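Trainee: Please take me through one part of this model closely. I would like to start with how the strands are joined, then follow the chain outwards from there.

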Amino acid sequence: ISDEEVKAVFLNISNKHDRRHFVKAAMESVFYSLKWQIEYYRTDTGKEISELGAIGGLCRSDYWLQMAADILQYPIYVPSNVEHAGAVGAGIIANVGLGVTTFSDAKNLLRKEKTFVPNSNSKEVYDRNFEGFKLIYNHVKPLYTILKEKKDL
């Protein structure tokens with residue numbers, strides 16, 4: 001969510017929840033937010049997405065990458081030599097700029113080390129929770145304005 005007023009909210013907490021639940025909820029929220037942005041992208045551009053690539057610290061956790069695939073419902077691939085992905089991307093963009101290759105051909109220059117495929121068994125739960133995520137945001141958003149105004153007290 002591109003809203004600098006928004007802060008974390010944990011809802012529906014009981015004494016049965018512990019640190020694991022809070023960490024998992026925070027991790028899931030990252031991908032719910034990304035899923036929402038992907039919805040906007042698809043609506044705004046009319047383009048479909050067939051897969052997503054992951055780079056950075058996220059690639060150190062198979063658990064997190066599988067969660068991303070399950071929530072987003074796209075295959076998530078990790079390129080080989082992920083630590084050099086930025087340099088490889090810059091090289092590809094330079095080659096496109098020089099006319100050596102096109103963006104369509106660029107995907108042939110990437111080697112995929114591994115791919116995480118969405119687990120269809122978790123789709124229903126994550127889709128329901130995603131709708132809840134959006135509903136919570138839309139209902140709580142007005143409170144952030146009120147809280148921002150009162151923070152000096």
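**The sheet and its surroundings**

Mentor: Start with S1 and S2: two bridges join them, and they run in the parallel sense. Keep in mind that this is a predicted model. S2, residues 76-79, also pairs with S3. That pairing is antiparallel, over four bridges. Put the two pairings together and you have an open sheet of three strands, in the order S1-S2-S3, with mixed pairing. S1 (52-53) and S3 (112-116) are the edge strands, each pairing on one side only.

Now look at one residue of the middle strand, Tyr77. On the S1 side, Gly53 has Tyr77 of S2 as its bridge partner. On the S3 side, the bridge partner of Tyr77 is Thr115. Find Tyr77 in the view, then step out to each partner.

Next, ask where the side chains of S2 go. In a regular strand, side chains alternate between the two faces of the sheet. S2 shows this: Ile76 and Val78 point one way, while Tyr77 and Pro79 point the other. Are these four residues buried or exposed? They are buried, on both sides of the strand. Buried here means under 20% relative accessible area.

Step back along the chain from S2. You come to the loop between H2 and S2, and Gln73 is found there. Just after H2, Gln73 takes a positive phi of about 60 degrees. That is a positive value in a residue other than glycine. Gln73 has 24% relative accessibility, so it counts as partly exposed.

Gln73 has a counterpart for phi elsewhere. Asn12, in the segment before H1, has a phi near 70 degrees, again a positive value in a residue other than glycine. Its setting is described by its accessibility: at 70%, Asn12 counts as exposed, because the cut-off for that class is over 50%.

Now take H2 itself, residues 62-72. Its buried residues are Leu65, Met67, Ala68, Ala69, Asp70, Ile71 and Leu72. Hold on to that list, as some of these names come back shortly.

H2 packs with H1, which covers residues 19-45. Their axes are 9 Å apart, at an angle of about 45 degrees. Why is that called oblique? The angle is not under 35 degrees, so it is not roughly parallel, and it does not reach the 65 to 115 range of roughly perpendicular, so H1 is oblique to H2. The crossing of H1 past H2 is right-handed.

Which residues make the contact? From H1 come Lys24, Met27, Glu28, Val30, Phe31, Tyr32, Leu34, Lys35 and Ile38. From H2 come Tyr63, Trp64, Met67, Ala68, Ile71 and Leu72. By class, that is twelve nonpolar residues, three charged and no polar ones. Look at how the numbers step along each helix. An α-helix has 3.6 residues a turn, so residues three or four places apart point the same way. Among the H2 residues in the contact, Met67, Ala68, Ile71 and Leu72 are also on the buried list.

Zoom in on Lys24, one of the H1 residues in the contact. Leaving out residues up to four places away in sequence, Lys24 touches Tyr63, Met67 and Tyr126. Its C-alpha lies 9.4 Å from that of Trp64, although the two are 40 residues apart along the chain. Lys24 is partly exposed, because its relative accessibility is 32%.

Two more residues of H1 are worth a look. Ala26 sits in this helix and is partly exposed, with a relative accessible area of 37%. From Ala26 to Asp44, 18 residues along the chain, the C-alpha atoms are 27 Å apart. Tyr41 is in H1 too. At 36% relative accessibility, Tyr41 also counts as partly exposed. Beyond its neighbours within four places in sequence, Tyr41 is in contact with Gly46, Lys47 and Ile49.

Finish with Gly89 in H3, residues 85-98. Gly89 has 26% relative accessibility, so it is partly exposed. Gly89 and Asn121 are 32 residues apart in sequence, and their C-alpha atoms are 34 Å apart. Compare that pair with Lys24 and Trp64, 40 residues apart along the chain and 9.4 Å apart in space.

How values were computed. Residues are numbered from 1 along each chain as its sequence is written. This is a predicted model: local features need pLDDT of at least 70, side-chain atom pairs count only at pLDDT 80 or more; totals for chains, interfaces and linings use all residues. Side-chain values use heavy atoms; hydrogens and water are left out. Two strands pair if DSSP finds at least two bridges between them. Axes are lines fitted to C-alpha atoms, for helices over the stretch in contact, and angles run from 0 to 180 degrees between N-to-C directions. Angles under 35 degrees count as roughly parallel, over 145 as roughly antiparallel, 65 to 115 as roughly perpendicular and the rest as oblique. A crossing is left-handed if the near helix is turned anticlockwise from the far one by less than a right angle, and right-handed if clockwise. Contact means heavy atoms within 4.5 Å. Ala, Val, Leu, Ile, Met, Phe, Trp, Tyr, Cys and Pro count as nonpolar, Asp, Glu, Lys and Arg as charged, and the others, Gly among them, as polar. Buried means under 20% relative accessible area, exposed over 50%, partly exposed in between (1.4 Å probe, protein chains only).
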